[in-house]
Amino acid sequence: MSSSSNYYASLLKLCCESQNQTQAKKLHCLILKTIKQPETFLSNNLITAYYKLGNLAYAHHVFDHIPQPNLFSWNTILSVYSKLGRLSQMQQIFNLMPFRDGVSWNLAISGYANYGSCSDAVRVYKLMLKDAAMNLNRITFSTMLILCSKFRCVDLGRQINGQILKFGFGSDVFVGSPLVDMYTKLGLIYDAKRYFDEMPERNVVMCNTMITGLMRCGMIEESQRLFCGLKERDSISWTIMITGLMQNGLEREALDMFREMRLAGFAMDQFTFGSVLTACGSLLALGEGKQIHAYVIRTDHKDNVFVGSALVDMYSKCRSIKSAETVFKRMPQKNVISWTAMLVGYGQNGFSEEAVKIFFEMQRNGVEPDDFTLGSVISSCANLASLEEGAQFHCRALVSGLISFITVSNALITLYGKCGSTENSHRLFTEMNIRDEVSWTALLAGYAQFGKANETIGLFERMLAHGLKPDGVTFIGVLSACSRAGLVEKGLQYFESMIKEHGIMPIADHCTCIIDLLGRAGRLEEARNFINNMPCHPDVVGWATLLSSCRVHGDMEIGKWAADSLIALEPQNPASYVLLSSLYASKGKWDKVAQLRRGMRDKRVRKEPGYSWIKYKGKVHVFSADDQSSPFLGQIYAELEKLNYKMIEEGYVPDMSSVLHDVEESEKIKMLNHHSEKLAIAFGLIFVPPGLPIRVIKNLRVCGDCHNATKFISKITQREILVRDAVRFHLFKDGTCSCGDFW
């Protein structure tokens, strides 16, 4: 090998490091001018350089002009095709090789294995066993074990294990690590443990693999015992423990392990920070998350895209969305994970519109969504009841092929269900090739949301018949359906079976469903007894549900108890004062209403102004009570006046109890007529084409009069009106509401 060949080879290496293909071509020309017949060594380096610079044609051209390619030359060009996944060309080169060594065989096997052709990889391996067993080495076995893990080939994996022992590689730790990993990934943890225990020597890599497998199988104590017994630990050992504890729901222990790792002086990588930040997010441990963030800033990982994404996720889960935004905006590089973390963060914190906006911003930046991103933005559309935008994302899912992912299909079922289009939800559900528990629950919740009790219960029974295990969310849908249909006994039976048969401990949402179930039926004393004996205390929604039932049934005593409990839970929440005021007003107790108002004033509790909005042709039109700002004011009030006459003819009587002011009746009627949701509905009747539903969103609970009036409007106009208020979705159709007049 000449010095000039070595010199040119080093220059080619520099071209590869700087990714300068033009310079490499110039150097190639210089080689051809100065060296009449380049040495095979230098030609091999040219092939490697062109491969690394992405010029396959030049690489093959150089190979074709080597007068006498040696084994290294053949392996070099074989490596190019193997690593690029050009499997047919790889096989052609392999077949043409005049002689082969272990590298040649391994390149062919790994090419097939890495690019999904399991059967061809096995075919080449079997041929190697037959014709070139002397070339078998630890790389061959390692590659085959990884293939068995990837394609879940249990029988083949056991055969490879036998051949490893037969050919004398049983004590090789390089082979032992992927063998242990294969058994754990295939769920054969005791086989992995047996092989690990029988190994005469174990290095830290093999021990780390065993700890990972034990953690994957939830064997926490065994993992900790093995970790504590390690004579040699590295950063990966610590990170595996932190990640495993976090993934097994032991987030606090993961944080403690992180602190120990710091004290022990081990370096942390992006995976360490990613896992411990995820633990902070799960614990809502904002203080500890900020401390870790401060530590990240002092390391080389402050600009790492993986760590940045984990920080965005942590701050979002800890309800610190502004901090999440700040981290996101300062990230020098963003990938689909970063954008998705910010999008999901907005959705989790109730900023669904911002979630949709950031999706479009992501697209403008040239980042393509994956199934999780698309599923998340569809979920945000569902929260907004934005069928128009959701349908656009449905089209995108069809065009991109992401509709085949179950996460996307489930999100679309939820979207259509929340928007009242249960027919589309059902169609999507039936078209799915694979369904999981979430698919069934999403369709079931859609039926329950809009009062389709028979469909909900029927679907739940089918779900059980298919052997699927319902979760807590499934039962929320079933119980709420029973509540809306007045199936009190059946609902109580389902609640009992949830605990006794399915082992699901009730949370506040389940208890709220039972309160609603009993409250709707007027069994308020039973509801009170249930609360006093329930396994968990009611949350704000639970007390508000009971108070609402007391308002409907006029029960002052239990209503006062519910209101006091609600005020004790959230003293600054105006909902309790408003609901109790409504109850007093319905009984004509204006002195009590005035007393409540004084109490609100003294405690500085402010009733949030009511707003309703409707989207038309991409623009959001916002209305407040007695609105004077809309450019369409004249048309809107004229439409309301016309509707009012027709409603009165149909039997509509204004609900004066919805006006919490002791004023003249004529003034009350005027105030009721100009509520924000009525203005938004009138706008929709004027501008939304016939045949399309009118979709209105309100920031507060719909008042009793507006709810009643909207039922009349839906009957008179023969229009579907979907109203999403602060409590739930209401679908008004043919003079009825999906909530069954309880909300």
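These are my notebook entries on a sheet, a surface patch and one helix residue.

**Entry 1: the sheet**
I began by reminding myself that this is a predicted model. Then I looked up how the strands are arranged. I found an open sheet of 6 strands, in the order 2-1-3-4-5-6, and its pairing is mixed. Which strands sit at the edges? They are strand 2 (619-624) and strand 6 (736-737), and each of them pairs on one side only.

**Entry 2: one pair of strands**
A reminder to myself: strands of a sheet pair through backbone hydrogen bonds, either parallel or antiparallel. Next I picked strand 1 (residues 611-616) and strand 3 (residues 694-698), which pair in the antiparallel sense over 3 bridges. I wanted one residue to follow by eye, and I chose Trp-613. Its bridge partner in strand 3 is Ile-697.

**Entry 3: a patch on the surface**
I turned to the surface and noted a nonpolar patch of about 240 Å². Tyr-611, Val-620 and Val-622 make this patch. I traced Val-622 back to strand 2, which is one of the edge strands from my first entry. Why does Val-622 count as partly exposed? Its relative accessibility is 46%, and partly exposed covers the range between under 20% (buried) and over 50% (exposed).

**Entry 4: a residue in a helix**
Last, I looked up Thr-710, which lies in helix 40 (residues 704-717). Is Thr-710 buried or exposed? Thr-710 is buried, because its relative accessible area is 3%, and the cut-off for buried is under 20%. I also checked its neighbours. Leaving out residues up to four places away in sequence, Thr-710 touches Ile-681, Ile-721 and Phe-732.

Definitions and conventions
Residues numbered from 1 in each chain as written. Predicted model: local features only at pLDDT ≥ 70, side-chain atom pairs only at ≥ 80, totals over all residues. Heavy atoms only, no water. Pairing = 2+ DSSP bridges. Helix = DSSP H or I, 4+ residues; strand = E, 2+ residues; numbered from the N terminus. Patch = residues over 30% accessible without salt bridge, like charges linked within 9 Å, V, L, I, M, F, W, Y side chains within 5 Å. Areas by Shrake-Rupley, 256 points an atom, 1.4 Å probe, with all protein chains shown as cover. Salt bridge = Lys/Arg side-chain N within 4 Å of Asp/Glu carboxyl O. Buried < 20%, exposed > 50% of the residue type's maximum accessible area, 1.4 Å probe, protein only. Contact = heavy atoms within 4.5 Å.
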